[in-house]
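The exercises below concern the strands and sheets of one chain. Please examine the sequence and the structure before attempting them.

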Amino acid sequence: MELRKDPITRSWVITGDDVPEPAPRSETACRFCADSTAVPQLVSTMPGVDGGSWSARAVVHPSPVYRIEGEPSRRGDGIYDRMRSVGAHEVLIENPRHDRHLWNASDAEIEQFLLLVAHRIQDLKRDGRFKYVSIFKNHGTSAGQEFEHPTAQLTATTFVPRRVLYELRAGRDYFKQKERCVFCDIISQELQQDQRVLEVRGDFIALCPYAPRVPYETWIMPRSHDAAFERFGLARAGSMRDLGVLLRRTLQRIRTIAEEFHLVLHTSPNTLHPSESLGYWKTIDEDYHWHIEILPIISAKAKSYTFKEVYYSPVASETAVVRLREAKIEP
Ligand SMILES: [Zn+2]
Ligand SMILES: [Zn+2]
Ligand SMILES: [Zn+2]
């Protein structure tokens, strides 16, 4: 497999004929459970809560899309660009228990998982080859869930993924005009209008975005400005507890409407090793603002109306937020 760049959209794609071999599946037991006999390639582990030996841990993905060894060897091919699929691909085990998800685990367990995420991003950003660290969770068959056990995944890549690149460019353009962060401006308008705010908890806000890509799309953001999730999470004691509670409550609300969802964390790119040619690195700390996006998967019918180029979302955010606010959830 290799990475190729589309010269028109400037997006990198991973392509090639050698399909990655499927993860070796153990039929009898889950490889990620605390009592599993499988020996994972452990990367990092968080201390246990309530007497367990660990609470969350990162392991190398059993069939990684990106490989950690070597240099990306970026090179031209006529007008095109290509490079080797160098990177990191890890499974982030959210909990030692098979039935404890981000919506029903204890607040202390979710906090440890979020701290693990922050530590992994910070650690991988020390590697100058990596421009971006992505964190995502696919829950449900239609979402492309890979493992039964509650897990998220991490990839560290030698390029910035397309959606983040769009956000970085838009953030920079808005900042150039107004000298303000567009995300901060969104938060203050949403709080003032109070039509799409789902919940405010500590320093965090959950809201349904003005122009959703799918029904019940929800974002969680810090109310105070910071471009980097890992810096925010590791510097502010207790902040990850509040975020964990808000995440748990938000997922509980969403799950009253849709069981399956995608979740993605957007943080700043690796500014320790900025790109020379791309201008957006200079103001990133001022014009980018980390956030979590949750995209519920509603139904096959809604999906069939979704065009690839223009998102079609048949529930307005103002309606979605009312249904989500009224959902019966645990405290
Ligand atoms: Zn398990
Ligand atoms: Zn901001
Ligand atoms: Zn985003």
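Three exercises with worked solutions follow; the model is predicted.

**Exercise 1. The ten-stranded sheet**

Determine the strand order of the open sheet of ten strands, identify which strands stand at its edges, and state its average twist.

Solution. Begin with the order: the ten strands are arranged as 3-4-7-9-8-13-14-12-11-10, and their pairing is antiparallel. Next, consider the ends of this order. Strand 3 (42-47) and strand 10 each have a single partner strand, so one side of each is left without a neighbour in the sheet. Finally, from one strand to the next the twist averages 15°.

**Exercise 2. Strand 11 and its surroundings**

Describe how strand 11 is paired on either side, and establish whether its two faces are covered or open.

Solution. Take the partner strand 10 (residues 197-201) first: strand 10 and strand 11 run antiparallel and are joined by four bridges. Within this pairing, A206 of strand 11 has E199 opposite. The hairpin formed by the two strands has two residues between them, and G202 adopts a positive phi near 55°.

Turn then to strand 12 (residues 218-222), which pairs with strand 11 in the antiparallel sense, again over four bridges. Here I205 stands opposite M221. One step further along the sheet, strand 12 is joined by three bridges to strand 14 (residues 291-297), in an antiparallel arrangement, with W219 opposite E293.

For the faces, recall that side chains in a regular strand alternate between the two faces of the sheet. In strand 11 (residues 204-207), F204 and A206 lie on one side, I205 and L207 on the other, and all are buried. Both faces of strand 11 are therefore covered, given that a residue counts as buried when 20 or more other C-beta atoms lie within 10 Å of its own.

As a last step, locate the helix lying across this region. Helix 5 (residues 239-255) lies across strands 10, 11, 12, 13 (260-266) and 14. Its direction is at about 155° to strand 10.

**Exercise 3. The four-stranded sheet**

Give the order and edge strands of the open sheet of four strands, and examine the pairing of strand 1 with strand 6.

Solution. The order is 2-1-6-5, with antiparallel pairing. Strand 2 (12-15) and strand 5 (75-77) are the edge strands, each pairing on one side only. The twist in this sheet averages 35° from one strand to the next. Strand 1 (residues 2-5) and strand 6 (residues 80-84) are linked by four bridges in the antiparallel sense. The bridge partner of R4 in strand 6 is R82.

Key: Residues numbered from 1 in each chain as written. Chains lettered and ligands numbered in written order. Predicted model: local features only at pLDDT ≥ 70, side-chain atom pairs only at ≥ 80, totals over all residues. Buried ≥ 20, exposed ≤ 12 C-beta atoms within 10 Å, placed from the backbone. Pairing = 2+ DSSP bridges. Axes fitted to C-alpha atoms, helices over the stretch in contact; angles between N-to-C directions. Contact = placed C-beta atoms within 7 Å.
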